[in-house]
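Subject: Structure handover

Hello,

Here is the structure I promised to pass on. My notes follow below it.

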Amino acid sequence: MVVVMVMVVVVPSVFHTAWSVAQPVDCPTAFVPLFTAEGEQKRLQASPIALQAHSPKMRVTAVLGAVLFLGVVASVARGSRGHISVVLLGATGDLARKYLWQGFFQLYLDEVSNGHTFTFHGAATTEPEKGQHQMFDPLKKLTCPPDVTPNRCSVVKDQFLKLTRYHQLKTVDHYAALDRDIRTMLSQDELEEAGRIFYFSVPPFAYLEIARHINSSCRPPPGAWLRVVLEKPFGHDLRSAQQLANELRTFFQEEEMYRVDHYLGKQAVAHILPFRDQNRHNLDPIWNRHHVERVEIVLKETLDVKNRTSFYEEYGVLRDVHQNHLTELLMALAMELPANVSRSEDVLHCKLQAFASLQGLGRGSAVIGQYEAYNTHVREELQKGRDFFSWTPTYAGVLVHLDSLRWEGVPFLLVSGKVLDERAGYVRVLFKDRAYCSQHEKEWDAESSPCKAKQLVFYVGQGELESPAILVSRNLFTPVVPTGSWKEVSDRPQLRVFGQPLSDFHAYVPVTERDAYSVLISRIYQGKQDSFITTENLLASWEFWTPLLDGLVGEVPRPYPGGRENRHLLDFEVTGREVSFAVKDPVKLMDVGEEQRPDQYKIMQSRFRQSQLITAWSEELVGRLASDIEAAANTAIEQSGTFHLALSGGSSPTALFRQLALRHYGFPWRHTHLWLVDERCVPLTDPESNFRNVHDHLLQHVCLPYFNIHPMPVHLHRRLCVEEDKGPELYASEIAALVTNASFDLVLLGVGSDGHTASLFPHSPVGLEGSRDVVFTESPVKPHQRMTLTLPLINRAKRVSVLAMGKGKHDIVTLVSRVGHDPQKWPISGVNPSSGQIAWYVDYEALLG
């Protein structure tokens with residue numbers, strides 16, 4: 001029989017920087033009793049649940065003794081650096097089962113030899129017997145890395161299970177009882193407390209109650225640290241994130257909170273800053289707008305959101321992925337490198353500077369889509385009716401620019417979606433190719449040819465490579481990569497990635513792959529906050545994304561079938577500061593025999609008030625209208641040499657103006673005269689001015705001759721809309737002089753929720769009939785005074801196009817479709833060109849609700 005006696009010395013944790021460096025403290029010793037190998041082997045076979053009945057002292061000392069005896073600990077000379085209690089809240093949940101328990105086991109496996117002692121407390125609101133069973137079943141499936149011997153794995157796993165117990169944590173009394181258990185165990189085993197980790201694997205709505213209980217009843221004693229780990233989502237927008245942050249600050253200090261973005265634990269992502277630092281001499285000359293063509297930050301998934309629709313309906317792809325994962329990747333690439341990338345404070349300072357340089361996002365900065373089965377999943381899981389339709393995007397491509405000398409003009413594309421053609425994540429920096437090579441491409445050498453594509457790729461995982469990787473084009477530079485953690489790949493030369501054989505790259509993969517949560521849990525234990533999201537970082541991100549999220553409310557996403565059937569449907573193009581889908585949906589005639597549902601049609605054509613109706617998703621509808629206007633312009637110029645176009649104010653035409661400016665390069669602007677249908681009585685430079693809107697979104701982007709621009713004369717003699725100045729008469733005279741028969745080639749109108757069009761309002765005493773062409777009218781909303789073309793003048797036009805978009809227009813569109821000719825009640829009903837045509841452009845939301 002072998003007898004072993006061990007003396008363990010306990011010292012304070014070196015990780016608590018507040019006091020451990022300044023004053024070493026003498027600590028009492030903990031004596032481990034005699035035990036036999038035979039007896040210990042029997043105890044190893046005891047179930048974890050049975051061990052719950054033993055006293056804390058018996059459990060900790062027996063485990064320590066077993067670990068020492070079986071050779072798991074290399075040396076006992078290091079002694080103990082204090083005890084750490086890990087509390088996993090939500091211990092029976094999906095995240096805990098899949099990742100967190102394995103991560104904590106990996107922490108114990110890595111650190112059991114390094115001096116700290118541990119206990120692990122799984123917690124949930126479930127009553128003890130049921131919760132204990134739910135928690136321990138997954139723990140039996142814990143695994144060790146391949147480099148750990150089976151014997152060591154078995155022993156450490158058994159000890160981990162013995163150190164783990166379940167608690168019901170529901171009330172303040174439960175938290176107080178947990179605190180007493182921890183303190184009693186430490187006292188009995190004469191152990192110094194190093195700190196406590198509370199991991200919140202629970203929904204955000206539970207954060208505050210848990211935080212209150214921890215703060216009041218379960219904080220560690222002075223001298224020990226507290227680390228509270230929070231899982232996303234951290235708010236829904238800037239306001240909610242700010243509110244949650246303020247509430248958490250009442251319970252915890254900033255240095256006590258660790259907000260997890262698990263992407264920061266992925267090996268390729270975690271190595272972006274170290275790679276940039278280690279390769280400064282190669283990257284500094286080329287890491288700028290003069291050499292970088294564009295940057296792609298991509299996370300593609302093949303799965304749908306089935307069984308997660310409740311979460312997804314609230315957040316969508318932009319909040320779920322772009323605001324956090326992709327933004328953190330963007331920052332890692334775009335921020336200036338601090339002198340010391342290991343200092344969390346310096347890294348955060350540079351990240352916040354990068355956030356400050358981001359250009360604001362507008363509606364044109366993004367394209368959105370939704371896989372076709374999404375609405376079916378929502379109806380099934382959320383028990384919605386057949387008439388329910390969600391506009392939550394499951395795909396988004398976003399264009400980001402920075403106002404900095406380094407990155408000015410360089411497009412950063414952030415792309416993510418569900419039900420795509422592959423599962424892959426990567427950051428891809430494409431460098432400009434300025435070379436011309438006279439030899440055939442077969443002769444291009446990957447090592448030296450300037451005509452081969454130059455790329456730097458941080459491959460997050462999955463996809464063709466099936467593992468994290470760093471790829472550097474051989475004709476770019478030979479990178480410095482730490483050989484202890486990364487190894488070069490040379491056994492797959494024929495594999496093609498990003499259009500090139502793998503042999504064209506210096507390709508590196510991790511020596512040992514580690515799960516992201518294992519990496520982050522280790523860094524929580526080490527107190528390294530640079531891998532986590534600070535409050536400042538979080539709020540800066542929400543401040544950047546919230547305007548786009550607000551701007552997309554009511555926007556209809558493009559439907560896509562999913563997988564390879566998507567083909568080019570989700571491809572998009574960058575034009576200046578905006579993006580748009582590259583492929584337009586084909587026109588599809590509506591079969592009146594089918595059920596009419598907005599998720600079944602791309603573009604529908606039928607009749608509305610006995611006139612032509614074109615309806616589509618809003619973006620496609622605007623594209624169709626712009627094309628029709630260009631066709632009308634070409635026809636008019638061919639017949640008479642000029643095109644007279646009258647445009648309305650309001651918000652709906654803004655998207656049309658951008659479309660005409662950025663997509664229709666062949667538009668005959670030189671021969672076009674631009675008029676206004678109506679104007680507010682404000683200076684033309686005022687943000688409320690219709691002319692200002694046309695100028696900002698159209699005129700400043702096209703080459704329209706100065707004398708072909710005809711703003712309404714609302715500001716004469718330094719006065720606004722005064723009858724004696726005869727502004728309406730002046731405009732009518734100008735129209736009569738330049739427009740043949742005062743008949744515009746095309747008039748663009750909108751429709752208000754009260755049935756008004758132009759600035760012709762219900763029961764208006766002027767403008768709805770009579771001989772005048774231009775009049776002053778009164779609006780029921782500010783600014784009240786307006787100038788407008790009259791209904792008789794509008795009805796002399798050759799073509800009239802009426803644009804109505806958004807759910808807010810559904811009621812009036814439905815009403816107008818049923819009423820007769822009654823312009824006193826509904827001015828839009830009086831639009832009926834005497835010798836021309838009228839076409840109604842109505843998007844799905846306005847038509848179907």
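Start with the surface. This is a predicted model, and the protein exposes about 37,100 Å². Carbon and sulfur atoms supply 51% of that area. Of the 849 residues, 57% are buried.

On the fold: the protein has 24 helices and 35 strands. Take the contacts between residues at least 6 apart in sequence. Of these, 76% join residues at least 24 apart.

**Helix α21**

I looked at one helix in detail. α21 covers residues 727-738, 12 residues in total. From first C-alpha to last, α21 reaches 17 Å, close to the 16 Å expected at 1.5 Å a residue.

Which residues of α21 are buried? They are Gly727, Pro728, Tyr731, Ala732 and Ile735. These buried residues lie on the same side of α21, because they cover an arc of only 135 degrees around the axis. The general rule is helpful here: an α-helix has 3.6 residues a turn, so residues three or four places apart point the same way. Ala736 and Ala737 sit on the other side of α21 and are exposed.

What covers the buried residues of α21? The cover includes the strands β26 (672-676), β28 (709-710), β29 (715-716), β32 (774-778) and β33 (785-789). Helix α22 (791-794) is also part of the cover.

**The largest pocket**

The largest pocket holds about 1,800 Å³ of space. Its lining comprises 48 residues. Nearest the centre of this pocket are Leu95, Tyr99, His262, Arg308 and Tyr517.

Several elements give two or more residues to that lining. The helices are α4 (94-111), α13 (309-334) and α16 (516-526). The strands are β9 (292-300), β13 (424-431) and β14 (455-462). α13 gives the most, with 6 residues.

**Cavities**

How many cavities of 30 Å³ or more are there? The count is 7. The second largest cavity has a volume of about 120 Å³. It is lined by 16 residues. Lys232, Phe234, Gln323, Asn324 and Leu538 lie nearest the centre of this cavity.

Two helices, α13 and α17 (535-551), each supply at least two residues of the lining of the second largest cavity. The largest share, 6 residues, comes from α13. So look at α13 with both spaces in view: α13 gives the most to the lining of the largest pocket, and the largest share of the lining of the second largest cavity also comes from α13.

Best wishes

Terms used: Residues numbered from 1 in each chain as written. Predicted model: local features only at pLDDT ≥ 70, side-chain atom pairs only at ≥ 80, totals over all residues. Heavy atoms only, no water. Helix = DSSP H or I, 4+ residues; strand = E, 2+ residues; numbered from the N terminus. Buried < 20%, exposed > 50% of the residue type's maximum accessible area, 1.4 Å probe, protein only. Contact = heavy atoms within 4.5 Å. Areas by Shrake-Rupley, 256 points an atom, 1.4 Å probe, with all protein chains shown as cover. Expected span 1.5 Å × (residues − 1). Arc of directions from axis to C-beta. 1 Å grid on protein atoms, 1.4 Å probe; cavity = no way out; pocket = protein on both sides within 12 Å on 5 of 7 lines; lining within 4 Å. Points joined across faces, edges and corners; volume = space filled by probe spheres on them.
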